[in-house]
Amino acid sequence: MDNIYFDSVVVGGGVIGLASALELQLSGQKVLLVEKNNFIADETSSRNSGVIHSGIYYPKDSLKKFFCIKGNKLLYDFCEKHEVLHKKTGKLIVANQNEEDKLVSIYENGLKNGLKSDIELIDGNQTRNLEQNLSDKISLAIHVKSTGIVDQPAFCQKLQFLFEKNGGQLTKNTEFYNYTNENSTHISFLNTLNERFKVQSKSLILCSGLKSFETGCMIKQIRESSNFYKLKFVKGHYFKHNSKKPLFNRLIYPIPNNLGLGIHYTLDVNGYGKFGPDTVIVDKIDYRFNCEDLKNKFIDSIRGYSSKIESNELSEDYTGIRPRLAIDEKFIDFSILDSQDHGINNLLFLQGFESPGLTSSLAISEYIAKKLI
């Protein structure tokens with residue numbers, strides 16, 4: 001089985017891996033996509049808010065800003081073309097009087113990022129004209145018109161369908177467990193259902209999400225790179241809003257904190273509301289609801305922008321884990337290591353793809369394909 005050959009091997013069947021595998025396959029390559037779980041996109045890619053982000057928060061020269069703004073348009077276009085459920089809802093980032101300076105800074109950052117036609121600064125009365133259930137405490141808001149929602153599992157399933165329809169090969173329940181390089185050819189050692197084999201490829205893309213640290217440790221040149229990180233896990237809980245009528249028609253976001261965008265209100269594609277995520281630093285991947293007094297924490301946070309919420313209106317929904325490269329830094333960009341970082345040609349190693357990874361996925365896939373084709 002030593003002569004199994006692909007032009008590219010992509011390790012990790014989350015949204016970034018799926019989009020990248022499809023883009024490479026459509027370029028004329030023969031691509032193998034390797035996923036360790038029984039289902040594609042079974043971790044971070046499906047356990048998030050399902051929001052199509054605008055790019056308002058990120059520094060002007062960052063990868064997150066570039067990929068998010070480009071990915072926003074690509075994702076809307078993809079969903080229209082392939083009939084993936086989505087909706088451009090718009091979003092309000094809200095602030096009370098003590099937070100107005102921070103909100104104005106976010107607005108000015110959005111202008112620097114070229115979002116002038118997509119964002120508008122509005123006062124409290126204008127904000128409540130748009131959303132009557134917002135608290136009287138809200139004195140200023142940014143109306144972000146390009147934000148929306150997408151059925152993220154359906155999006156990932158469509159990527160998989162198109163990848164396989166166009167000749168791509170997907171192997172699930174398959175671990176990438178070792179690596180070597182011979183004569184500029186990548187040798188990936190794989191284990192599926194206790195059958196071990198190896199695959200040769202010209203290019204190798206490693207985007208294994210929550211397992212990226214373990215994956216990187218298998219390759220000496222990545223392990224020794226100064227830009228290689230041991231991941232920090234941030235757990236987020238989500239609560240359903242138990243009401244037939246949505247509390248808001250748009251997404252509602254408070255002022256962000258260092259670990260995330262705050263406990264916000266989002267809608268799913270069926271029109272039901274939910275709140276989350278919070279930010280809980282954890283040592284291991286565990287998707288249970290196991291934090292004490294969690295509902296009260298959510299209620300206290302939500303009442304910062306809406307007094308019309310009661311504890312009995314919330315019920316446990318799901319949790320997700322975000323892979324962060326650091327905890328104590330205000331901004332952490334996506335990390336894509338290439339030959340300049342580790343010295344191996346046609347090897348890309350991705351880490352830290354949390355939000356806005358979903359929105360950015362199609363832009364990232366274009367970037368990856370251009371670097372490898």
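## Close-up views of a predicted model

**View 1. Lysine and arginine over aromatic rings.** K30 is placed over the face of F6, with a distance of 4.9 Å from the ring centre. In this predicted model, a second such arrangement involves R47, which lies over the face of Y287 at 3.9 Å from the ring centre.

**View 2. The aromatic pair of F248 and Y265.** A pair of aromatic rings is described by the distance of the centres and the angle of the planes. The model holds 14 aromatic pairs, among them F248 and Y265, whose ring centres are 5.1 Å apart and whose planes stand at 75°, so that the pair is edge-to-face, planes over 60 degrees apart being the criterion for this class. Because F248 belongs to the loop between β13 (232-241) and β14 (251-253), while Y265 belongs to strand β15 (residues 264-267), the pair ties together parts that are 17 residues apart in sequence. Both F248 and Y265 are buried, and ring pairs link these two residues with F275 and Y305 into a cluster.

**View 3. The surroundings of D317 in strand β18.** D317 is located in strand β18, which covers residues 314-324, and its relative accessibility of 31% means that it counts as partly exposed, the class between 20% and 50%. When residues up to four places away in sequence are not counted, D317 touches Y238, F239, K240, K274 and F289. Of these contacts, F289 is 28 residues from D317 in sequence, and the C-alpha atoms of D317 and F289 are 9.0 Å apart in space.

**View 4. Packing of helix α5 with helix α10.** Two packed helices are described by the angle between their axes and the distance between the axes. Helix α5 (residues 152-165) and helix α10 (residues 357-372) have axes that come within 12 Å and cross at roughly 20°, and the two helices are therefore roughly parallel to each other. The crossing in which α5 passes α10 is left-handed, and the residues that meet are Q152, F155 and L159 in α5 with L358, S361 and L362 in α10.

**View 5. Packing of helix α2 with helix α10.** The axes of helix α2 (residues 63-82) and α10 come within 6 Å, crossing at roughly 105°, which makes α2 roughly perpendicular to α10. On the α2 side the contact is made by K64, F67, C68, K70, G71, N72, L74, L75 and F78, and on the α10 side by L358, T359, S360, L362, A363, I364, E366, Y367 and K370.

Conventions:
Residues numbered from 1 in each chain as written. Predicted model: local features only at pLDDT ≥ 70, side-chain atom pairs only at ≥ 80, totals over all residues. Heavy atoms only, no water. Phe/Tyr/Trp six-rings, centres within 6.5 Å; stacked < 30°, edge-to-face > 60°. Helix = DSSP H or I, 4+ residues; strand = E, 2+ residues; numbered from the N terminus. Buried < 20%, exposed > 50% of the residue type's maximum accessible area, 1.4 Å probe, protein only. Lys NZ or Arg CZ within 6 Å of the ring centre and 35° of its normal. Axes fitted to C-alpha atoms, helices over the stretch in contact; angles between N-to-C directions. Parallel < 35°, antiparallel > 145°, perpendicular 65-115°, else oblique. Left-handed = near helix turned anticlockwise from the far one by under 90°. Contact = heavy atoms within 4.5 Å.
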